[in-house]
Amino acid sequence: MNALLRYQTALLVRSQRWLAPVLLYAAFVGVGVQWGQPVLDSLGYAAAGLLPVTAWLVQLCVNQEPPAARAVIAAAAGSPRAHLAALLAGTGCAGLLGVAATAVVLLISRPAGTDGAVRVALLPAGTAGLLAAACCVLLGAAVGALCTRPLLHRRGWSLAATVFASLLALVTGGSPANTAVTGLVTGSRTGTVHLPVLPFAVAVVLAAAAAALACRPAFLRG
Amino acid sequence: MGRRYGLGGPWVLRGVDIDLPAHTLIRIEGANGTGKSTLLRLLAGIDSPTQGRITGQRPRTAYVPERFSAALPFTAAGYLVHLGRIHGLRTPEAADRAQSWLARFGAADHARTPLPELSKGTSQKVAVAQAFLAEPELLILDEAWTGLDTAARDELDRAVAERVAAGATVVFVDHDPRRLAESVDTVFRIERNGLRTASGARTAQTGPRVRIEAEGPPGAALPAGLPGAPEHTPTADGGVRFTVAATHSDALLCALLTARPPWHIRQLAAAPGPVQDPAADGPAHRTPTPEAP
């Protein structure tokens, strides 16, 4: 699996296709997160943006090989493993992006609630921010995995479904991403840190289920 | 097993039952669009059957697609090292083998060329080299010879013979009916979505042949399962004269020299003329003919 991950990551990095989603995310964070803003607000904003970006990165990884090269890898490692490696590589890159964004937000934000009266400790805030980012990355990975090959082959449908599902995952009450982000933003008003542990656990389960479905050999034509 | 695409699509293959024993070279025939490639993809584990299943432990598998013009952001050698690692090799070993296989197919000069800049033929050489890197137990060749130059085609024939001699199963599709004709063990033909055996034994010997005179250790029998199933006749002075298709000569020499105890090679020459009766070719056959020195 290590070799497969290395191969998929090298493909993504060298192809420079990662530039578009990463630059878009950088712009999104750059516009929304300013120096000296309340830390929990900014963490919530940065986490929310990760969801569609992860879906995009995952789909880049899944579709970055020409069919012949994919068949060669599938024969060597088995189709499910090869597909899982692509999903994991995209998710891993998005995870790194999330960690970097969280670190930047922690560095430049004001460690206080929205009204500026209550101090917010950086360590619990950072932990909550990382967990929220993880929720969004995992849900984005699930959306990315479900809205592309091998479940959706047509590019247009795939794009429409990804945009729609990402939006839905962010705004539907009760979705782990929505719960985690809302927890950060509402916590910011009172200066309390809610650790989104339960949403994280649900997001892990959802992402694992999506990956298991997308890697079913019956769907994979290599 | 059977395979169809889509929920209610027509069956591409149905009721296919195929066994892949070790030490076997299998050819799949069939008209265009009959499902040869689908069958190969099922055997390689790239695709999975809609109906039925593939049993047995998954062997170390390598697959060579017909047209491999991979626009991947790697150099030829870099790509092969990645593939070698995926096959389970360590990086230095993968790099070594990548170099030697590229050299074998005459593409050593292109090791540092990015894949998108390679010619169609050289890309195909990379695809072929990829398959042999990890000494696969199951090798699937989907018209792998297409696009290769003559030297590389011959080299691929020899490499395939070596793999079979080493115990692998090789399944191939090729448009040239003479491809490896002298060494194919089983020919299957796809007809009306099913598979039937087209012929069991080796077909007529057509290509060039090589004569090898060797001397075994005193009292030793012939090593079992010699590559290319050579004809062998005892010589007057206690040696054995083997006649084998040129494709298999390297593999046969290797088998003789590495047998335990090893054989001694006395003489090596191109065999004169074609052989008389193809039916007389078999490992158990022995013709006592008087030998001239």
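The following questions and answers explain how terms are applied to this predicted model.

Residues are numbered from 1 along each chain as its sequence is written, and chains are lettered from A and ligands numbered from 1 in the order in which they are written. In this predicted model, local features need pLDDT of at least 70 and side-chain atom pairs count only at pLDDT 80 or more, while totals for chains, interfaces and linings use all residues.

Q: What makes residues 197-214 of chain A helix 9?
A: A helix is a DSSP run of H or I with at least four residues, and a strand is a run of E with at least two, each numbered from the N terminus. Helix 9 of chain A has 18 residues. The expected span is 1.5 Å times one less than the number of residues. Helix 9 of chain A reaches 26 Å from its first C-alpha to its last, close to the 26 Å expected.

Q: Which residues of helix 9 of chain A are called buried?
A: A residue is buried if 20 or more other C-beta atoms, placed from the backbone, lie within 10 Å of its own, exposed if 12 or fewer, and partly exposed in between. The buried residues of helix 9 of chain A include A:Pro199, A:Val202 and A:Leu206. By contrast, A:Val197, A:Ala201 and A:Ala212 are exposed, on the face turned away from the buried side.

Q: Why are the buried residues of helix 9 of chain A said to line one face?
A: The arc is that of the directions from the helix axis to the C-beta atoms. The buried residues of helix 9 of chain A fall within an arc of 165 degrees, so they line one face of the helix.

Q: What makes strand 3 and strand 6 of chain B a pair?
A: Two strands pair if DSSP finds at least two bridges between them. Strand 3 (residues 24-29) and strand 6 (residues 169-173) of chain B run parallel and are joined by 4 bridges, so the condition is met. In one of these bridges, B:Leu25 has B:Val170 as its partner. Strand 3 of chain B also pairs with strand 7 (residues 186-191) in the parallel sense over 4 bridges, where B:Arg27 is partnered with B:Val187.

Q: How many residues does each chain give to the contact between chain A and chain B?
A: Two residues are in contact if their C-beta atoms, placed from the backbone, lie within 7 Å. Chain A gives 25 residues and chain B gives 25 residues. Helix 4 of chain A gives the most to its side, with 9 residues.
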